[in-house]
Amino acid sequence: MTSVRTYWRTNSKAADFEPWWRKSVHDGLIADSALPAVIPALTRFSLPAGPAPAEGIEVVFRPDPYL
């Protein structure tokens with residue numbers, strides 16, 4: 001099993017790995033490693049209306065736009 005440090009040692013573009021690694025661990029993130037932003041396409045949909053809840057908690061199930 002490869003450690004996180006070993007993975008980043010081989011996959012970082014840092015000229016000097018050790019200072020880069022220490023800064024990344026200290027900051028809690030790897031600079032410039034974010035995935036591109038996702039802009040979801042909005043669509044209209046309607047769910048059949050169910051009976052109104054008598055009492056207690058109402059649970060609403062909706063489709064996940066990312067699936």
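The radius of gyration here is taken over C-alpha atoms, and the globule rule is 2.2 Å times the number of residues to the power 0.38. Keep that in mind for the opening numbers. This is a predicted model.

Let's start with the overall form. A compact globule of 67 residues would have a radius of gyration near 11 Å. This protein has 23 Å. Along the principal axes, the C-alpha atoms fill a box of roughly 65 × 30 × 25 Å. Buried residues make up 7% of the 67 residues. As for secondary structure, there are two helices and zero strands.

Now the aromatic residues. How many aromatic pairs does the structure hold? It holds four. Take F17 and W20. Their ring centres are 5.7 Å apart and their planes stand at 45°. An angle from 30 to 60 degrees counts as tilted, so this pair is tilted. Both residues sit in helix α2, and because they are three residues apart there, about one helical turn separates them.

Next, F17 and W21. Is this pair stacked or tilted? The ring centres are 5.9 Å apart, and the planes are at 20°. Planes under 30 degrees apart count as stacked, so F17 and W21 are stacked. These two also lie in helix α2, four residues apart, which is about one turn of the helix.

Is F17 buried or exposed? Its relative accessible area is 9%. Buried means under 20%, so F17 is buried. W21 is buried as well. Step back, and ring pairs link Y7, W8, F17, W20 and W21 into a cluster.

Let's move to S12. Where is it? S12 is in the loop between α1, residues 4-11, and α2, residues 17-27. Its relative accessibility is 14%, so S12 counts as buried. What does S12 touch, leaving aside neighbours within four places in sequence? The contacts are F17 and W20. We have met both: they are the tilted ring pair. S12 and S33 are 21 residues apart along the chain, and their C-alpha atoms are separated by 9.9 Å.

S12 and S33 also turn up together in the lining of the largest pocket. The volume of that pocket is about 150 Å³. The full lining is W8, N11, S12, K13, W20, I30, A31, D32 and S33. By type, the lining residues divide into four nonpolar, three polar and two charged. W8 and W20 from this lining also belong to the aromatic cluster.

One lining residue deserves a closer look: D32. D32 lies in the segment after α2. Is D32 buried or exposed? Its relative accessibility is 84%. Exposed means over 50%, so D32 counts as exposed. Now the backbone. Most residues other than glycine have a negative phi. In D32, phi is near 60°, a positive value in a residue other than glycine.

Last stop, S24. This serine is in helix α2. Its relative accessible area is 8%, so S24 is buried. Leaving aside neighbours within four places in sequence, S24 is in contact with L29 and I30. I30 is also one of the residues lining the largest pocket.

To recap: two helices and zero strands, a radius of gyration of 23 Å, a cluster of ring pairs that includes F17, and a pocket of about 150 Å³. Thanks for listening.

Notes. Residues numbered from 1 in each chain as written. Predicted model: local features only at pLDDT ≥ 70, side-chain atom pairs only at ≥ 80, totals over all residues. Heavy atoms only, no water. Buried < 20%, exposed > 50% of the residue type's maximum accessible area, 1.4 Å probe, protein only. Contact = heavy atoms within 4.5 Å. 1 Å grid on protein atoms, 1.4 Å probe; cavity = no way out; pocket = protein on both sides within 12 Å on 5 of 7 lines; lining within 4 Å. Points joined across faces, edges and corners; volume = space filled by probe spheres on them. Nonpolar A, V, L, I, M, F, W, Y, C, P; charged D, E, K, R; others polar. Phe/Tyr/Trp six-rings, centres within 6.5 Å; stacked < 30°, edge-to-face > 60°.
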